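Hi,

Here is the model I promised to send over. Have a look at it first, then read on for what turned up.

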2 protein chains.
Amino acid sequence: MLSKIETYRFSVEPFHVDFTGHLFLGVLGNHMLNAAGRHSHNRGWGIDHLNAVKYTWVLSRLSIELNEMPAQYEHVEIETWVESVMKLFTERNFLIRNADDGRIYGYARSIWAMIDTTTRHPADLLELKNGDILNYILTAEEKPCPIAKHGRIRVKTDKATRMVQTFYSDVDINGHINSVKYIEHILDLFPREQYETHRIHRFEIAYKAESYMGDELTFFVEPGESASSATELEIRKHVGSEDHPLGETVVQAKVEWEVL
Amino acid sequence: MLSKIETYRFSVEPFHVDFTGHLFLGVLGNHMLNAAGRHSHNRGWGIDHLNAVKYTWVLSRLSIELNEMPAQYEHVEIETWVESVMKLFTERNFLIRNADDGRIYGYARSIWAMIDTTTRHPADLLELKNGDILNYILTAEEKPCPIAKHGRIRVKTDKATRMVQTFYSDVDINGHINSVKYIEHILDLFPREQYETHRIHRFEIAYKAESYMGDELTFFVEPGESASSATELEIRKHVGSEDHPLGETVVQAKVEWEVL
């Protein structure tokens, strides 16, 4: 049987770094999703296998905590493994380190559900493939992931900060706004000065509903006390319903900053 | 001495395909720029060497012509080589093919200048490193690139089609809007129906001036006769000058469509 851990390598490319010379968080997220895809593919749980039987993975939460962001031309290794499996959700963790000297940039946690692509209902992970997924668990004792689990995000403001229209480049093969593009749009809320004086220490995102090409996304940002305060925000889409005068919540996110 | 051709491989990742399952053109452009970077780096002409002596490469034109766009999970090889070197410009070509069966997706041409990063003036390519660059030329006879050279792009309309604000995710390590992001913003001009009924056969872009994070980019699109007509457009930035009431031209582009 394959090892329970998959290791995925990449180099930090020139067009994937921000103006400070560090990897864009969205690009790191993309690499993490690729690592997850390869881990599940190699163990018979990839979307290529699953689509044939009408199931697909849906990312529900992602929390990334970094002491340092990889810099241009650095070589990075992502380890990914499954920490636990419940009936409707599985927890997948990530370790991100420098491939040359082994120093750890940080960790990430994610939560995934499996849905039936015809009914859109969640599937029972423990029943699929006779519980095969249980063969791949590495418990927190066996492989620690020393960052906090996903927290609760509370946004009370009803004042929109920005409206973003969605276009061709925003959507994935399923026609949904892609998970990484939401991260880009969120980070675009902050001015240049924020990135000159702070770095992102922790980023949490919860995917609550799908949005589609052409949807107008409204960003509600909870005002922090200072530029160093954690930023909590919600992305909502207009649904033309009196039940949702501010729109339906598509994404919630929290950005924690560290002063440089 | 190294071969005059560099071959660069990549796989088409799930988050790098559009809703039709084909690679985003901007992502292909990014891979081509990486291939170019590796080719020049391995031959002592990379920006890492050049920055030390205060020079950098600037992409002036890029034309991509494809019979087919690579699809999700396909393995792709990009070959790149230098076709000619003049005093102030060099022509670099690309061949894009399937790494498994060798079929050719298409070709691309590009033009680059070298500038002095302190004066922003172009450098004489034939004088740098004692004309070493001439060792790497593969003429059109030796290595054909069977697509047309860059054409002239003419946009007469003074009616703006869209205004795009630029943010954190748009800029590269130099603080400029990155070359690939312009391609994304251009392709975002077209509605879903355009991509359902057409594919891009040829894409040309000319980089005329730099723009920066926070610049407002205005898109002037020359109306085509039908959805299948080539689309010519200009991106201009506001400069607050009476000499440029419509703004300064930053980018010109032309998109040629093929009916599916």
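For comparing the chains, copies are superposed by least squares on the C-alpha atoms of residues with pLDDT of at least 70 in both. Done that way, chain B lands on chain A after a rotation of 180 degrees with 0.0 Å of shift along the axis, RMSD 0.0 Å. That is how a two-fold axis relates two copies. The C-alpha of B:Val164 is the one in chain B nearest the axis, 5.2 Å away.

Some housekeeping: this is a predicted model, where local features need pLDDT of at least 70, side-chain atom pairs count only at pLDDT 80 or more, and totals for chains, interfaces and linings use all residues. Residues count from 1 along each chain as written, chains are lettered from A and ligands numbered from 1 in written order, and side-chain values use heavy atoms, without hydrogens and water.

Now the sheet. Chain A has an open one of 10 strands, ordered E1-E3-E4-E5-E2-E7-E10-E9-E8-E6 and antiparallel (strands are DSSP runs of E, at least two residues, and helices runs of H or I, at least four, numbered from the N terminus; a pair needs at least two DSSP bridges). E1 (6–11) and E6 (160–165) of chain A are the edges with a single partner strand each, so one side of each has no neighbour in the sheet. E3 (residues 75–85) and E4 (residues 90–98) of chain A pair over 9 bridges, antiparallel, and A:Trp81 sits opposite A:Asn93 in E4(A).

Cheers
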